[in-house]
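Let's take a relaxed walk through this fold. Have a look at the picture below, then read on.

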Amino acid sequence: MIKLVIFDADETLWHVEEGYASTLVLPLRKVNDGLVIDAVGVKVWLFHGVRELLEGLRRRGVIVSLASANDEEPNKVKLLLELFGIMRYFSFPQVNWQKKSQNVRKIVELVREKLGVNLDFEEVIFIDDSEFNVTDVKNRCPGVKAFRVGRDIPSIALLYENLDSFLQA
Ligand SMILES: [Mg+2]
């Protein structure tokens, strides 16, 4: 049974028109529920289905976290999560330049210690758009189911539609 799903941020939850979260220029401004714009006009779109997916996971009692390779200060990933109104879904989000496998291990430890959940790597899913990160997690966190969005998972919207079978896989 899957107990924890860890998402990458850039190009997994949202699309940054140019660069990545850390290269956005502050202040960021919310245009609508699916669009944030930075001080020089660079747009960030939340992918279709992300909100529904997060809500679907919450309803099923699955813990959701995040591992993003971006600057910790200023933390523009957390700003984006807040502006899109989805910050509350994420437990122990990690935004730093450490390897994804290190962050996955750290999040698993935090869930075990802080939430008192008995959690094995086999009960964890990791989703990222980067082959490098998916391979890193597969190699260094054996048992974790690491999927590449765009290949193993065609889109977040499709993942939401097939959520029950996905969580049993
Ligand atoms: Mg990414």
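Two strands count as paired here if DSSP finds at least two bridges between them. Helices (H or I, at least four residues) and strands (E, at least two) are DSSP runs, numbered from the N terminus. Keep in mind that this is a predicted model, where local features need pLDDT of at least 70, side-chain atom pairs count only at pLDDT 80 or more, and totals for chains, interfaces and linings use all residues. Residues are numbered from 1 along each chain as its sequence is written.

**The four-stranded sheet**

Let's begin with the antiparallel part. Four strands make an open sheet in the order β2-β5-β4-β3, and their pairing is antiparallel. At its edges sit β2 (14-16) and β3 (29-32), each pairing on one side only. On average, neighbouring strands of this sheet are turned by 25 degrees against each other, direction ignored. For angles like this, axes are lines fitted to C-alpha atoms, for helices over the stretch in contact, and the values run from 0 to 180 degrees between N-to-C directions.

A hairpin takes β3 to β4 through two residues. In β4, K30 has V36 as its bridge partner. Over at β2, W14 stands opposite L46 in β5.

What about the loop between β4 (35-37) and β5? That is where G41 has its place. To talk about burial we need a rule: a residue is buried if 20 or more other C-beta atoms lie within 10 Å of its own, exposed if 12 or fewer, and partly exposed in between, with C-beta atoms placed from the backbone. G41 is exposed, with 9 other C-beta atoms within 10 Å. G41 and V25 are 16 residues apart in sequence, and their C-alpha atoms are 8.8 Å apart in space.

**The five-stranded sheet**

Now for the parallel part. Five strands form an open sheet with the order β7-β6-β1-β8-β9, and here the pairing is parallel. The edge strands are β7 and β9, each of them pairing on one side only. Neighbouring strands of this sheet are turned by 15 degrees against each other on average, direction ignored.

Here are three of its strand pairs:

| Strand pair | Bridges | Direction |
|---|---|---|
| β6 and β7 | three bridges | parallel |
| β1 (residues 4-7) and β8 | four bridges | parallel |
| β8 and β9 (residues 145-148) | four bridges | parallel |

Some partners can be picked out by eye: A69 is matched with N96 in β7, V5 with I125 in β8, and D128 stands opposite R148 in β9. To get from β8 to β9, the chain crosses through helix α4 (residues 131-140), and this β-α-β crossover is right-handed. Right-handed means that, with the strands pointing away from the viewer, the path from the first strand over the helix to the second runs clockwise.

How many of the residues of strand β8 (residues 124-128) are buried? Five of the five are, so β8 is largely enclosed by the rest of the structure. On one side the buried residues are V124, F126 and D128, and on the other I125 and I127, so to speak a strand with both faces covered.**The helices**

In helix α2 (residues 76-83), the buried residues are K76, V77, L80, L81 and L83. Seen down the axis of α2, they fall within an arc of 165 degrees, so they line one face of the helix. The arc is that of the directions from the helix axis to the C-beta atoms. These buried residues pack against β2, β3, β4, β5, β6 (63-69) and β7 (94-96), where contact between two residues means that their C-beta atoms, placed from the backbone, lie within 7 Å. After α2 comes G85, whose phi is positive, near 75 degrees.

In α4, N133, V134 and V137 are buried. They cover an arc of only 100 degrees around the axis, which puts them on the same side of α4. The face turned away from that buried side carries the exposed residues E131, F132 and N139. Among the elements covering the buried residues of α4 are α3 (100-115), β8 and β9.

**The core**

A nonpolar core is a set of buried Ala, Val, Leu, Ile, Met, Phe, Trp, Tyr and Cys residues joined through C-beta atoms within 7 Å. The largest one has 46 residues, and those with the most contacts inside it are I6, L80, V104 and F126. Leaving out residues up to four places away in sequence, V104 touches I6, A67, F126, V137, C141 and V144.
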